[in-house]
Amino acid sequence: MEQLRELHFDDLNAAAEETRSLLKSGYNRSGNWSLGQICRHLTLVQDPSVDGYPKWMSLFAFLRPVMRRMLLPKILSGDSPRGIRTASMFVPPADLDDAREVEAFAASVAQFYAHVGDYAPHPAFGRLPRERIEQIHTAHAAHHLRFLTLRD
């Protein structure tokens, strides 16, 4: 298994800055997705925290206590599982413009921080405090962006 870089962000703004650095320098790919695809995926997963998730994603809400106990600590520690298929609505198309998607992700981050009130309940973890939702999205960004390295 290929060695990926260790990556941690203190907040989503740092993740957005990392995407801009990768865009500016160019990057090498260790995974299946380009920078644009990763940014689109992060935006697609992050925006429903503000806009709300589809109702069907709550069908397995009864599993949330188990997911919070078993999966959430792994995600927050940077030990996110690799290769898990995501819902098709969160899979980005192949032909995306990196620069456009980097800016869309930065706009998503700004929208996330501008949101007033509670975020929508997470499909796997339920209703969580703002800080925890931010930690989830920050860890998610680090998980995906670790597959890209700055080009020398």
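Let me start with arginine 5, which counts as partly exposed at 22% relative accessibility, in what is, I should say at once, a predicted model. Its partner is glutamate 18, and the two form a salt bridge in which the closest N and O atoms are 2.7 Å apart. This pair links distant parts of the chain, since glutamate 18 sits in helix H1 while arginine 5 belongs to the segment before H1, 13 residues apart. Glutamate 18, for its part, is buried, with a relative accessible area of 14%.

The structure holds three salt bridges, and I would like to go through the other pairs with the same care. Glutamate 103 and arginine 20 form a salt bridge, with 3.5 Å between the closest N and O atoms, and here glutamate 103 of helix H6 is linked to arginine 20 of helix H1, 83 residues apart. Glutamate 103 is partly exposed at a relative accessible area of 43%, and arginine 20 also counts as partly exposed, at 33%.

Then there is arginine 40, whose side chain meets that of glutamate 101 in a salt bridge of 2.8 Å, N to O. Because arginine 40 lies in helix H2 and glutamate 101 in helix H6, this pair ties together parts that are 61 residues apart in sequence. Glutamate 101 is buried at 6% relative accessibility, whereas arginine 40 is partly exposed, with a relative accessible area of 25%.

That brings us to H2 itself, which runs over residues 35–46 and reaches 16 Å from its first C-alpha to its last, close to the 16 Å expected. H2 is mostly covered, with 10 of its 12 residues buried, among them Leu35, Cys39 and His41. What covers those buried residues includes helices H1, H3, H6 and H7, together with strands E1 and E2.

Which side chain of opposite charge is nearest to glutamate 134? It is arginine 130, 7.5 Å away, and glutamate 134, although buried, has no salt bridge. Glutamate 134 is found in helix H7 and, leaving out residues up to four places away in sequence, touches Asp11, Leu12, Phe112 and Tyr113.

H7 also matters for my last topic, the second largest pocket, to whose lining H7 gives the most, with six residues. About 350 Å³ of space lies in this pocket, and of the 19 residues that line it, Leu7, His8, Gly78, Ala139 and Ala142 lie nearest its centre. The elements giving two or more residues to that lining are H5 and H7.

Methods
Residues are numbered from 1 along each chain as its sequence is written. This is a predicted model: local features need pLDDT of at least 70, side-chain atom pairs count only at pLDDT 80 or more; totals for chains, interfaces and linings use all residues. Side-chain values use heavy atoms; hydrogens and water are left out. Helices (H or I, at least four residues) and strands (E, at least two) are DSSP runs, numbered from the N terminus. The expected span of a helix is 1.5 Å times one less than its number of residues. Buried means under 20% relative accessible area, exposed over 50%, partly exposed in between (1.4 Å probe, protein chains only). Contact means heavy atoms within 4.5 Å. Lys and Arg count as positive and Asp and Glu as negative; His and the chain ends are not counted. A salt bridge is a side-chain nitrogen of Lys or Arg within 4 Å of a carboxyl oxygen of Asp or Glu. On a 1 Å grid over the protein atoms alone, a cavity is a set of points where a 1.4 Å probe fits but cannot get out, and a pocket is an open set with protein on both sides within 12 Å along at least five of seven lines; lining residues have an atom within 4 Å of a point. Grid points are joined across faces, edges and corners, and a volume is the space filled by probe spheres set on the points.
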